[in-house]
Amino acid sequence: MRIKDLREDADITQTELANYLNIKQNTYSQYENGHRQLPIDALIKLAAYFNTSTDYILELTDEIKPYPHRK
């Protein structure tokens, strides 16, 4: 997963993202380190936060731009 790279590129702390997701910092750290699976709802929120797609976060694509919104 790319959440650590996205966070560091945006110069954001784990605590800030944990607060955004309404979780504890150590839980977020476990997501970044692969010790705990990232829940789908958190994945979606992080994709929106970083303005990217869930596929990019999951390393299924190298295209960082999000998909177009449905009309």
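## A guided tour from salt bridge to core

Select E32 and R7 to begin: these two residues form a salt bridge, with the closest N and O atoms 2.5 Å apart. The pair joins distant parts of the chain, since E32 belongs to helix α3 (residues 25–33) and R7 to helix α1, 25 residues apart. The model on display is a predicted one. Colouring by accessibility shows E32 as buried, with a relative accessible area of 14%. R7 also counts as buried, at 10% relative accessibility; the cut-off for buried is under 20%.

The structure holds 2 salt bridges. For the other pair, select D62 and R2, whose closest N and O atoms lie 2.6 Å apart in a salt bridge. Here too distant parts of the chain are linked: D62 sits in the segment after α5 (54–57) and R2 in the segment before α1 (3–9), with their positions 60 residues apart in the numbering. Are the two partners buried or exposed? D62 is exposed, having a relative accessible area of 66%, whereas R2 counts as buried at 14%.

Return next to α3 and add α2 to the selection. The two helices pack at an angle of about 105°, and their axes are 8 Å apart. α2 is therefore roughly perpendicular to α3, as angles of 65 to 115 degrees fall in that class. To view the contact itself, display Q14, T15, L17, A18 and L21 on the α2 side, which meet Q25, Y28, S29 and E32 of α3. By residue class, this contact comprises 4 nonpolar, 4 polar and 1 charged. E32, the salt-bridge partner of R7, is thus among the α3 residues that meet α2.

Now turn to the largest nonpolar core, which has 16 residues. Which of its members touch the most others? They are I3, L17, Y28, L38, L46, F50 and I57. Two of these, L17 and Y28, also take part in the contact of α2 with α3. The elements giving two or more residues to the core are α1, α2 (14–21), α3, α4 (40–49) and α5. Select α4 to see the element that gives the most, with 4 residues.

End the tour at F50. Once its neighbours within four places in sequence are left aside, F50 is in contact with L6, R7, A10, I12 and L17. Two residues from earlier stops reappear in this list: R7, which forms the salt bridge with E32, and L17, which belongs to the core.

Note on methods
Residues numbered from 1 in each chain as written. Predicted model: local features only at pLDDT ≥ 70, side-chain atom pairs only at ≥ 80, totals over all residues. Heavy atoms only, no water. Salt bridge = Lys/Arg side-chain N within 4 Å of Asp/Glu carboxyl O. Buried < 20%, exposed > 50% of the residue type's maximum accessible area, 1.4 Å probe, protein only. Core = buried A, V, L, I, M, F, W, Y, C linked by side-chain atoms within 4.5 Å. Contact = heavy atoms within 4.5 Å. Axes fitted to C-alpha atoms, helices over the stretch in contact; angles between N-to-C directions. Parallel < 35°, antiparallel > 145°, perpendicular 65-115°, else oblique. Nonpolar A, V, L, I, M, F, W, Y, C, P; charged D, E, K, R; others polar.
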